[in-house]
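Reader: I should like a close look at a single residue and at the surface around it, followed by its wider setting. Please state the cut-off behind each term as it arises.

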Amino acid sequence: MPDLSHGDNAAAVNSLRSAVMRLSRRLKHQRVDESLSPTEMSVLGTLARCGSATPGELARKEHVQPPSMTRIVALLEAKGLVRLEPHPEDRRQKVVTQTETAEAMLEESRRKRNAWLANLAADLDDDEWAKLRAAAPVLEKLAHL
């Protein structure tokens with residue numbers, strides 16, 4: 001673990017935290033469907049990234065309690081964005097799968113957010129773009145640790 005008592009490391013961590021939080025808040029405002037909560041969108045994103053899962057697996061991935069995930073899945077199912085199917089090995093469980101409607105909505109959401117972010121980054125110079133390209137994999141790694 002890096003020494004956070006070192007001024008440069010502590011300043012970098014503080015700057016990263018602040019910038020990521022501000023950028024995240026701004027990106028959340030670029031939603032396609034305002035009727036979905038950020039948590040519902042996150043669950044759909046997890047299903048898109050990881051594939052079908054049980055509500056328990058989704059709860060662990062999303063860091064919420066299983067009863068909360070059961071409610072979220074029920075809301076998404078009522079909106080036609082997921083379907084529940086029998087678990088292939090354990091008939092007591094269900095598997096949550098996103099629908100084509102959800103896939104299309106997520107794709108439109110990604111397109112809108114990417115366009116917004118690209119527009120925001122249009123003023124970066126070549127050196128800043130090179131730094132951004134180099135930092136992107138590191139930020140991706142941090143996001144999934």
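Author: Leu16 is partly exposed, with a relative accessible area of 36%; the class lies between buried (under 20%) and exposed (over 50%), judged with a 1.4 Å probe and protein chains only. This is a predicted model, in which local features need pLDDT of at least 70 and side-chain atom pairs count only at pLDDT 80 or more, while totals for chains, interfaces and linings use all residues. Residues are numbered from 1 along each chain as its sequence is written, and side-chain values use heavy atoms, with hydrogens and water left out.

Leu16 is found in helix α1. Helices (H or I, at least four residues) and strands (E, at least two) are DSSP runs, numbered from the N terminus. Together with Val20, Val138, Leu139, Leu142 and Leu145, Leu16 forms a nonpolar patch on the surface, with about 550 Å² of accessible area in total. Such areas come from the Shrake-Rupley method with a 1.4 Å probe, and for residues only the protein chains shown count as cover. A patch takes residues with over 30% relative accessible area and no salt bridge, joining like charges within 9 Å and nonpolar side chains (Val, Leu, Ile, Met, Phe, Trp, Tyr) within 5 Å. A salt bridge here is a side-chain nitrogen of Lys or Arg within 4 Å of a carboxyl oxygen of Asp or Glu.

Helices α1 (7-28) and α6 (126-143) each supply at least two residues of this patch. The most comes from α6, with three residues.

As for the wider setting, the protein has six helices and two strands, in the sequence pattern α-α-α-α-β-β-α-α. Its exposed surface is about 10,100 Å², of which carbon and sulfur atoms supply 55%. Of the 145 residues, 24% count as buried. The C-alpha trace spans about 55 × 35 × 25 Å along its principal axes. The radius of gyration is 19 Å, where a compact globule of 145 residues would have one near 15 Å; the value is taken over C-alpha atoms, and the globule rule is 2.2 Å times the number of residues to the power 0.38.

Thr97, in strand β2 (residues 94-98), is buried at a relative accessible area of 13%. Leu16, by comparison, is partly exposed at 36%.
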